[in-house]
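Work through the exercises below with the structure open. Each task is followed by its solution.

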Amino acid sequence: MTSEGEPLYGSVAQQTQRIMQSIAETLARANATLESVIKVQVWLSSMDHFSEFNTAYSAFFPDGFPARTVVTSRLAFNLDVEIEVQAVAECGE
């Protein structure tokens with residue numbers, strides 16, 4: 001989604017990259033990184049997209065994936081990928 005809430009379409013790889021970049025930006029605002037992610041929930045519109053998704057996703061976790069669940073579902077706006085993460089951020093002193 002754009003900052004205005006509009007869906008961003010494209011290939012499964014493009015959607016995955018945009019989502020992960022947005023997640024990384026959100027984490028940065030909380031003084032965290034993708035290395036802070038401990039759990040990921042992924043929804044794909046079809047498991048036929050898994051290989052393309054996984055290739056794009058793996059670029060964001062070169063040292064191995066955090067715990068992850070991948071399921072299929074009909075997604076809002078007819079998108080193909082939705083990702084939710086849980087992360088642990090360091091508390092400031």
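**Exercise 1: Contacts along the chain**

Task: find what share of contacts in the chain between residues at least 6 apart in sequence join residues at least 24 apart.

Solution. Take contact as heavy atoms within 4.5 Å. Keep the pairs at least 6 apart in sequence; 77% of these contacts join residues at least 24 apart.

This is a predicted model: local features need pLDDT of at least 70, side-chain atom pairs count only at pLDDT 80 or more, and totals for chains, interfaces and linings use all residues. Residues are numbered from 1 along each chain as its sequence is written, and side-chain values use heavy atoms, with hydrogens and water left out.

**Exercise 2: Elements**

Task: state how many helices and strands the chain has, and their order.

Solution. Use DSSP runs, numbered from the N terminus: helices are H or I, at least four residues; strands are E, at least two. The chain holds 2 helices and 3 strands. From the N terminus they run α-β-α-β-β.

**Exercise 3: The core**

Task: describe the largest nonpolar core and its suppliers.

Solution. Such a core joins buried Ala, Val, Leu, Ile, Met, Phe, Trp, Tyr and Cys residues through side-chain atoms within 4.5 Å. Buried means under 20% relative accessible area (1.4 Å probe, protein chains only). The largest core has 16 residues; Met20, Ile23, Leu34, Phe53, Val81 and Ile83 have the most contacts inside it. At least two residues each come from α1 (12-29), β1 (37-44), α2 (50-58) and β3 (81-87). α1 gives the most, with 5 residues.

Now take Ile83. Leaving out residues up to four places away in sequence, Ile83 touches Thr16, Ile19, Met20, Ile23, Val40, Gln41, Val42 and Phe53.

Key: Buried means under 20% relative accessible area, exposed over 50%, partly exposed in between (1.4 Å probe, protein chains only).
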